[in-house]
Amino acid sequence: MRDFAEQTVVITGAASGLGQAIVRRFVDLKARVYAVDLDTARLTELQTALNGAIEPVVCDVTDLPMVERALSPIPADVLINSAGITGKTNLRSYEVDPANVELVFRVNFFGSYHTSRALLPGMVERGYGRVLHIASIAGKEGNAGMLAYSASKAAVIGMAKVQGKELAETGVTVNAIAPAVIRTPLVDAMPVEQVRYMTDKIPMKRTGSLDELVDMVQFIVSPQASFTTAFTFDLTGGRATY
């Protein structure tokens with residue numbers, strides 16, 4: 001049972017929001033952290049704020065050749081896919097620009113597919129690994145006005161099921177987590193009506209906190225979470241009971 005001080009953790013979407021909160025937690029746990037993001041300036045700011053305790057990786061997760069060059073050489077024990085965008089929201093599905101739908105899928109689904117494709121072979125070869133895809137309650141239930149986001153996160157959940165089953169005998173687990181509304185800059189940028197619509201569905205009548213999300217992430221990718229794979233963990237304040 002290795003602790004995180006002996007592990008290498010790769011986190012995408014690392015420069016802001018959920019990703020940055022996850023980066024900070026694993027830095028605190030003394031892991032070797034590769035922080036992956038497209039935003040060079042924010043990565044540099046984060047590296048400075050953390051006194052150089054991360055390995056910044058400037059990478060566009062939608063670009064498979066770039067992902068393979070940047071990530072394949074890393075002997076990762078843990079991959080956490082946090083990179084994601086909402087796309088245009090508060091629109092009916094037939095009003096959404098197809099180009100925006102494609103962009104959301106490129107980041108949310110293909111980004112996670114590309115990074116796991118690059119790192120899973122090494123994990124399998126070494127006989128140990130933890131992969132966590134950040135999905136969403138929207139991927140389970142669908143949120144009106146969020147076609148691209150909901151459908152792309154449903155695809156992420158499906159991918160976790162497939163990958164987890166494929167690798168169930170290898171020592172590598174692949175899971176997803178489906179949060180409801182977590183208060184982040186991404187959520188703050190959404191229309192108020194859209195956030196209210198999502199929050200009103202939560203029995204606890206509040207958003208989740210970053211600490212609550214990071215605590216669950218830490219458990220899912222820990223050595224102790226050894227008998228759960230292909231599963232989507234709930235973090236919805238009672239909204240999802242399955």
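**A salt of detail: Glu141, the parallel sheet and its helices** The side chain of Glu141 makes a polar contact with the side chain of Arg239, at 2.8 Å, in what is a predicted model. Glu141 belongs to helix α5, which spans residues 137–141, and the two partners of this contact are separated by 98 residues in sequence, while their C-alpha atoms lie 9.8 Å apart in space. When residues up to four places away in sequence are not counted, Glu141 touches Ala240 and Tyr242 as well as Arg239. Glu141 has a relative accessible area of 37%, which lies between the limits of 20% and 50%, and is therefore classed as partly exposed.

The sheet consists of seven strands, which form an open arrangement in the order β3-β2-β1-β4-β5-β6-β7 with parallel pairing. Strands β3 (54–58) and β7 (232–235) stand at the edges, and because each has a single partner strand, one side of each is left without a neighbour in the sheet. From one strand to the next, the twist averages 20°.

Two of the strand pairs can be described in further detail. Strands β1 and β2 run parallel and are joined by five bridges, with Thr12 standing opposite Val36 of β2. Strand β2 is mostly covered, five of its six residues being buried. Strand β5 (residues 129–134) and strand β6 (residues 172–179) also run parallel, and six bridges join them; Ile134 has Ile177 of β6 as its bridge partner. Helix α6, made up of residues 147–166, packs on the sheet, where it touches β5, β6 and β7, and its direction makes an angle of about 160° with that of β5.

At the edge strand β7, Thr232 has a relative accessible area of 11% and is buried. With neighbours within four places in sequence left aside, the contacts of Thr232 are Lys140, Ile157, Ala176, Ile177 and Ala178. Among these, Ile177 is also the residue of β6 that is bridged to Ile134.

Helix α1 (residues 17–28) lies across β1 (8–12), β2 (32–37), β3, β4 (78–81) and β5, and runs at about 165° to β1. Helix α1 also meets helix α9 (residues 210–220): the axes of the two helices come within 10 Å and cross at roughly 60°, and α1 and α9 are therefore oblique to each other. The crossing in which α1 passes α9 is right-handed. On the α1 side, the residues involved are Gly17, Leu18, Ala21, Ile22, Arg25 and Phe26, and these meet Leu210, Asp211, Leu213, Val214, Asp215, Val217 and Gln218 of α9.

Helix α4 contains His114, which at 4% relative accessibility counts as buried. Apart from neighbours within four places in sequence, His114 is in contact with Val61, Thr62, Asp63, Leu64, Val67 and Arg106.

The backbone was also examined for phi values of positive sign. Most residues other than glycine have a negative phi. Lys30, which is not a glycine, nevertheless has a positive phi near 70°; Lys30 is placed in the loop between α1 and β2 and, at 61% relative accessibility, counts as exposed. Asn90, likewise not a glycine, takes a positive phi of about 60° in the loop between β4 and α4 (98–126), and with a relative accessible area of 42% Asn90 is partly exposed. Asn51, just after α2, takes a positive phi of about 55°. At the N-terminal end of that helix, which covers residues 40–49, Asp39 acts as the cap, with a side-chain oxygen placed 3.2 Å from the backbone nitrogen of Ala41.

Note on methods
Residues numbered from 1 in each chain as written. Predicted model: local features only at pLDDT ≥ 70, side-chain atom pairs only at ≥ 80, totals over all residues. Heavy atoms only, no water. Pairing = 2+ DSSP bridges. Helix = DSSP H or I, 4+ residues; strand = E, 2+ residues; numbered from the N terminus. Axes fitted to C-alpha atoms, helices over the stretch in contact; angles between N-to-C directions. Contact = heavy atoms within 4.5 Å. Polar contact = N/O pair within 3.5 Å; in protein donor to acceptor, adjacent residues only side chain to side chain. Buried < 20%, exposed > 50% of the residue type's maximum accessible area, 1.4 Å probe, protein only. Parallel < 35°, antiparallel > 145°, perpendicular 65-115°, else oblique. Left-handed = near helix turned anticlockwise from the far one by under 90°.
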